[in-house]
Amino acid sequence: MALQTVLEELRNRPGTGETIPVIDPATEEQITEFRDCGVAAVDAAVAAAKAAYQSGVWTDIPARQRAKVLWKLGDLIDEHAKEFAELESLDAGMPPMQAEMIVSTCAEFFRYYAGWCTKLNGSSYQVQMEGGVNSNYSNLHAYTTKEPYGVVGLIYPWNGPLFNACAKIAPALAAGCSLVVKPAEETPLSAVLLERLIGEAGVPDGVANFVIGYGATAGAAITAHPDVEKVAFTGSTEVGKQIMRDSADNLKKVTLELGGKSPVLIYDDADLDMAIMMASMGIFVHSGQGCVCGSRIFVQRSVYERVVQGIAMIGDNLVLGGPKDEGAMISPLVSQKQLDRVLGYIDQGKRDGAEIVSGGYRLDRKGYFVKPTVVTNVDPATSRLYKEEIFGPVATILPFDDDDEAIAMANDTSYGLAATVWTSNLARAHSLGKRLQAGMVGLNCQLTFDHNVPFGGYKQSGVGKEFGYEGIDAYLKTKTIWAQL
């Protein structure tokens, strides 16, 4: 499916709302445009998903058959890897190498969850109670079964469009659900190709329904719809809270992968060259547009200046550019809105007295590029730049003296997605791992990922887990059945 075909198909997609432009973040030029699908399109998609689910066309087929379809879908993504990489690079501004790596990861989601299709089992229980209404407990049997939720809404963001789509679609399909899928309006291109391949792989009509529009229209219609039993969302904490409010009327279940303000602790006994490099990439990769980015860096005082200068130097030397810029390592921000947001935080930090060690400005070229920025001398109690998620290439670095101070500073946040510790003292590393209030902790490693390992945060960084068995269990209901034998 050539690029021009995708652009034309998106442009001609029916819609009743306003026209939404798709902008190349590296050039600020319009790629294409489309009409917001509107609320009626969401209603139609939910109705199609509900009819497909009730018919059993997907959920009632043998699990091994669903597995074959998912495996084929993974193979189709591999076959179209170059097209997907081109779409992701153009839409989100990613360097081609980054986009290609992500696409291969996306294909593996479907192969991984294909393996789970035949392994979704309940449990049986030996009943222990005696007496009561049922006096003959020796003949009473109890067991559980796993059932798909039914119609689920999947809403994913712009910072990794295809990755986030596959991370939700694969387990939801493996569980036997029917789907209403909404990509971010900023980055809808890869969704057009993915939708087509889902059909080619053998997923029946009506099982996976894509709606493309604004979050305030299409997204809100999904979360408020009474026939949607569950919503899985990746995005900001602010929107996640709104989804919980919108889901309250029918108590639909939610999985929310939300924001972060992740701490990185660097000790004086760490491999400092490695720690400096990884802490730099952990906040500057994809221009900081990642929920797990380590935006708050805490450094033991004896090596503080060395680490600050090391991270600043790496930031100064990273090559920013778009997909067509040779040697580009760091992508632009996704939109003018995001550019204004990031620069606004930096300007506010300057007014509050923060010291900009490096970066802190927009590049003098077309595209939404912000130079990787290192900030010191922030007030942890009052600085918005320090406390709030920026989603940009901005690192604050502060010193600490001992473990208790480091932990207190790291945990002093409403977020709890990820945390990292760099130290050669393994006893200290594991002790800090227990004390850090985060859903994921890296000990001498950062930006790690595996399809089989649960992903999700504490506090206001989310509800539930993705990936691994927890990722598919999130789309399954547990039913308890009692039987008198």
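**Reading strand β11 and the nonpolar core**

User: Are the residues on the two faces of β11 buried or exposed?

Analyst: In a regular strand, side chains point alternately to one face of the sheet and the other. In β11, Arg296, Phe298 and Gln300 on one side and Ile297 and Val299 on the other are all buried (under 20% relative accessible area with a 1.4 Å probe, protein chains only; exposed is over 50%, and partly exposed lies in between). Strand β11 covers residues 296-300, and five of its five residues are buried. This is a predicted model, in which local features need pLDDT of at least 70 and side-chain atom pairs pLDDT 80 or more, while totals for chains, interfaces and linings use all residues. Residues are numbered from 1 along each chain as its sequence is written, and side-chain values use heavy atoms, without hydrogens or water.

User: Which strands pair with β11?

Analyst: Strands (DSSP runs of E, at least two residues; helices are runs of H or I, at least four, and both are numbered from the N terminus) pair if DSSP finds at least two bridges between them. Strand β10 (residues 263-266) runs parallel to β11 and is joined to it by four bridges; Leu265 has Phe298 as its bridge partner in β11. Strand β14 (residues 394-400) is also parallel to β11, over five bridges, and there Phe298 is partnered by Leu398.

User: Which residues touch the most other members of the largest nonpolar core?

Analyst: A nonpolar core is a set of buried Ala, Val, Leu, Ile, Met, Phe, Trp, Tyr and Cys residues joined through side-chain atoms within 4.5 Å. The largest one here has 76 residues, and Tyr113, Leu154, Ile169, Leu179, Leu194 and Tyr475 touch the most other members. Helix α5 (residues 96-116) supplies the largest share, 11 residues.
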